[in-house]
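Open the model in your viewer and keep the selection panel at hand. We will go from one selection to the next, with a short stop at each.

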Amino acid sequence: MNSDLQLDMQGDVAIVRINRAPKRNALNDELILALRHTFETLPTEAKAAVLCGNGEHFCAGLDLSELQSRDAGQGMQHSRMWHSAFHQIQFGPVPVVAALHGAVVGGGLELAASCHIRVADDTTFYALPEGTRGIFVGGGGAVRIPKLIGVARMTDMMMTGRVYNAVDGERIGFAQYLVPTGTAFDKALELAQRIATNAPLTNYALMHALPRIAEQAADHGFVTESLMSSITQAAPEAKARVDAFLQGRAAKVEHK
Ligand code: 1HE
């Protein structure tokens, strides 16, 4: 394990923490490879994960001190390395909840976008300084970020250097949860613990089938949905959970 990345288990939730606060958790090649390795080799008892950062910021993006001149082929390979690490987060074994605070910028925003749920505290801000640094996103942001906020907003962020604060970031779709300063980790852990109690096949369907279905032509999507629906329903765990509700042993949907 790279010393800039910590993995701890809290029950059946894996806590993955970027531990490079003096450099604002900027991502160098070793950290990217460590992220990939960590999510490839999570302990088998992990049923969900929280991804967070030490210090005042979640992540300042690409470590700019490592930005070297690369020819087109080397540049492609470097970007593809980021893709494969973030792909492992999005399509790995367990749902990942990102706990955000402070800067969530550049590659840090791309990293957050590869997680399944984002919890932001009041200090969070979002930016894509690639635009003003004369570069482009390369960690999957061009694919994932428009799915959260739309092409028009991402274009604006990159062309004008616009920074979204925590409130507006939640409003436009960066984060699903906005919580008071200093509580993003606790909320993310609470959500991950709840997610860990879901039927594994349901979590699998949400991680691996839903994003693909949403991108399929509707006619194909309906069929894939039916397949996934029938597979989950056929599992004994689904029957046990439905029976528990019918016998009054499972929680109702509550509106507080
Ligand atoms: C860094 C980095 C970094 C900080 N690479 N060293 N990302 C950016 O363009 C964001 C650049 N960073 C910032 O705008 C600010 O640092 C922050 C808003 C994130 C935080 O500000 P602050 O005042 O808390 O910290 P600081 O004083 O600016 O930085 C502390 C140290 O971290 C300092 O080093 P030091 O040796 O002088 O102490 C900074 O140089 C260092 N640092 N951010 C390297 N990013 C796959 S493509 C993705 C492309 C991108 O991500 S481009 C966007 C890069």
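Begin by selecting residues 125-127, which form strand E7, together with E8: these two strands pair in the antiparallel sense over two bridges. Show the side chains here, and you will find tyrosine 126 opposite tyrosine 164 in E8. Bear in mind as you look around that this is a predicted model.

Now add E5 to the selection. The three strands make an open sheet in the order E5-E7-E8, with mixed pairing. E5 and E8 (164-165) are at the edges with a single partner strand each, so one side of each has no neighbour in the sheet.

Keep E5 (103-105) highlighted and select helix H3 (107-113) as well: each of them supplies at least two residues of the shell around the ligand. That makes the ligand a natural next stop.

Select the ligand and its surroundings. How many residues surround the ligand? The shell has 22, and the closest are Lys23, Ala60, Leu64, Gly107 and Arg133. Colour the shell by class and you should see ten nonpolar, six polar and six charged residues.

Three distances are worth displaying here:

- From glycine 107, a backbone N or O atom lies 2.7 Å from an oxygen atom of the ligand.
- At alanine 60, a polar backbone atom is 2.8 Å from a nitrogen atom of the ligand.
- At proline 22, a polar backbone atom is 3.3 Å from an oxygen atom of the ligand.

The protein buries 65% of the 1,000 Å² that the ligand exposes when taken alone.

Next, go to the loop between strand E2 (13-18) and helix H1 (29-40), where you can select arginine 24. Asparagine 25 is in the loop between E2 and H1 too. Most residues other than glycine have a negative phi. Here, arginine 24 has a positive phi, near 55°, and asparagine 25 has a positive phi near 60°. Are these residues buried or exposed? Arginine 24 counts as partly exposed because its relative accessibility is 44%, whereas asparagine 25, at 0%, counts as buried.

Finally, zoom out and select the whole chain. You will see ten helices and nine strands, in a C-alpha trace that spans about 60 × 40 × 35 Å along its principal axes. The radius of gyration is 19 Å, which agrees with the value near 18 Å for a compact globule of 256 residues. If you colour by burial, 43% of the 256 residues come out as buried.

Methods:
Residues numbered from 1 in each chain as written. Predicted model: local features only at pLDDT ≥ 70, side-chain atom pairs only at ≥ 80, totals over all residues. Heavy atoms only, no water. Near = heavy atom within 4 Å. Polar contact = N/O pair within 3.5 Å; in protein donor to acceptor, adjacent residues only side chain to side chain. Areas by Shrake-Rupley, 256 points an atom, 1.4 Å probe, with all protein chains shown as cover. Helix = DSSP H or I, 4+ residues; strand = E, 2+ residues; numbered from the N terminus. Nonpolar A, V, L, I, M, F, W, Y, C, P; charged D, E, K, R; others polar. Pairing = 2+ DSSP bridges. Rg over C-alpha atoms; globule rule 2.2 N^0.38 Å. Buried < 20%, exposed > 50% of the residue type's maximum accessible area, 1.4 Å probe, protein only.
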